Amino acid sequence: SRADFVVNGNQGVYRMSQAFIDYADFDTDNDLRYLELIDEIVSSEDGNTYWWPLKFQKVSNSAHGPNILWFRSATFMLMRAEANARLGNTADAIADLDAIRNRAGLTDYSGSSDDTGNLVEDIIKERAREMWLEKYRIWEQLRLGAVDGTLIGIGDRAEVPTYNPGFDLLHTGPGELEWDSDIWPFAIPTNESQYNPEVLLQTTR
């Protein structure tokens, strides 16, 4: 329950999924983004340890007040790093990647500059650690699905959402979805199509 995840009177509404925790693979000894912006909670319901984000709480209590930071230099530096890596400009890509890693208390990138594929994946993973909970990840996954054909995981759900015209939106079993799956767009309500027969229906492609 939501009430079960309480730290100093604050509820951990946005529990981080185990799928994301495994993917992001934070250096829990040195990464300041983990040490400063993530709290671990042991649930009294099941005894499991969950990660609860402190990111927006830290922003609200900072000199910025309650304002949300929409754009940060790290966003654009990692964007440039990925572009350079894909173009084969690995030295420039690693320079930007190291700037982000060093600011987070980590050492320079230790991967091979000759393996462009791994470098691109490491930059994408670094962006996951840097930008988590800033409403970017789903768009990142859709972009990568369109560019690289990467399947999109659905997190810790026991059931995978899928679309069929009978409005049965769930089927059993975890899995992954393609970037252009019909489940990603918001369905247009039936009453809207009844009021306006010309409205675009998202039941078929």
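A residue counts as buried when its relative accessible area is under 20%, and by that criterion Arg-127 is buried, because its relative accessible area is 6%. This is a statement about a predicted model, and the same holds for everything that follows. Arg-127 sits in helix α6, and once its neighbours within four places in sequence are set aside, its contacts are Leu-78, Met-79, Glu-82, Trp-132, Tyr-136, Glu-140 and Arg-143.

The setting for this residue is a protein chain with eight helices and eight strands. Of the 205 residues in the chain, 35% are buried. Among the contacts in the chain with a separation of 6 or more, 49% are between residues 24 or more positions apart.

Helix α6 is a convenient place from which to look at the packing of helices. Two packed helices are described by the angle between their axes and by the distance between those axes. For helix α6 (residues 116-131) and helix α7 (residues 137-148), the angle is about 165 degrees and the axes are 11 Å apart. Since angles over 145 degrees count as roughly antiparallel, α6 and α7 are therefore roughly antiparallel to each other, and α6 passes α7 in a left-handed crossing. On the α6 side the contact is made by Ile-124, Arg-127 and Ala-128, and on the α7 side by Arg-137, Glu-140, Arg-143 and Leu-144. Sorted by class, the residues of this contact comprise three nonpolar and four charged ones, with no polar residue. Arg-127 thus appears here as one of the α6 residues that make the contact, and Glu-140 and Arg-143 are included among the residues that Arg-127 touches.

Helix α6 also packs against helix α5 (residues 90-103), with an angle of about 30 degrees and with the axes 11 Å apart. That angle falls under the 35 degrees that bound the roughly parallel class, which makes α5 roughly parallel to α6. The crossing in which α5 passes α6 is left-handed. From α5, the residues Thr-90, Ala-93, Ile-94, Leu-97, Ile-100, Arg-101 and Arg-103 take part, and they meet Thr-116, Leu-119, Ile-123, Glu-126, Arg-129 and Glu-130 of α6. The contact of α5 with α6 is made up of six nonpolar, two polar and five charged residues.

Two aspartates in these helices deserve a look of their own. Asp-96 belongs to helix α5 and is buried, with a relative accessible area of 7%. Leaving out residues up to four places away in sequence, Asp-96 touches Met-77, Arg-80 and Ala-81. Asp-122, by contrast, is found in helix α6 and is partly exposed, with a relative accessible area of 27%. The C-alpha atom of Asp-122 is separated by 9.1 Å from that of Tyr-109, a residue 13 positions away along the chain.

Another part of the model is marked by its aromatic rings, of which the structure holds three pairs. One of the pairs joins Phe-26 and Tyr-34, with 6.5 Å from centre to centre and 40 degrees between the planes, and this arrangement is tilted. Both Phe-26 and Tyr-34 are buried. Tyr-34 is also paired with Trp-51: the ring centres are 5.1 Å apart and the planes stand at 50 degrees, so this pair is tilted. The Tyr-34 and Trp-51 pair links distant parts of the chain, because Tyr-34 lies in helix α2 (residues 32-37) while Trp-51 lies in strand β4 (residues 49-53), 17 residues apart. Trp-51, like Tyr-34, is buried, and ring pairs link Phe-26, Tyr-34 and Trp-51 into a cluster.

Asp-25 lies in the loop between α1 (18-24) and α2. Most residues other than glycine have a negative phi. For Asp-25, however, phi is near 50 degrees, a positive value in a residue other than glycine. With 53% relative accessibility, Asp-25 counts as exposed, whereas Phe-26 is buried.

Methods: Residues numbered from 1 in each chain as written. Predicted model: local features only at pLDDT ≥ 70, side-chain atom pairs only at ≥ 80, totals over all residues. Heavy atoms only, no water. Axes fitted to C-alpha atoms, helices over the stretch in contact; angles between N-to-C directions. Helix = DSSP H or I, 4+ residues; strand = E, 2+ residues; numbered from the N terminus. Parallel < 35°, antiparallel > 145°, perpendicular 65-115°, else oblique. Left-handed = near helix turned anticlockwise from the far one by under 90°. Contact = heavy atoms within 4.5 Å. Nonpolar A, V, L, I, M, F, W, Y, C, P; charged D, E, K, R; others polar. Phe/Tyr/Trp six-rings, centres within 6.5 Å; stacked < 30°, edge-to-face > 60°. Buried < 20%, exposed > 50% of the residue type's maximum accessible area, 1.4 Å probe, protein only.
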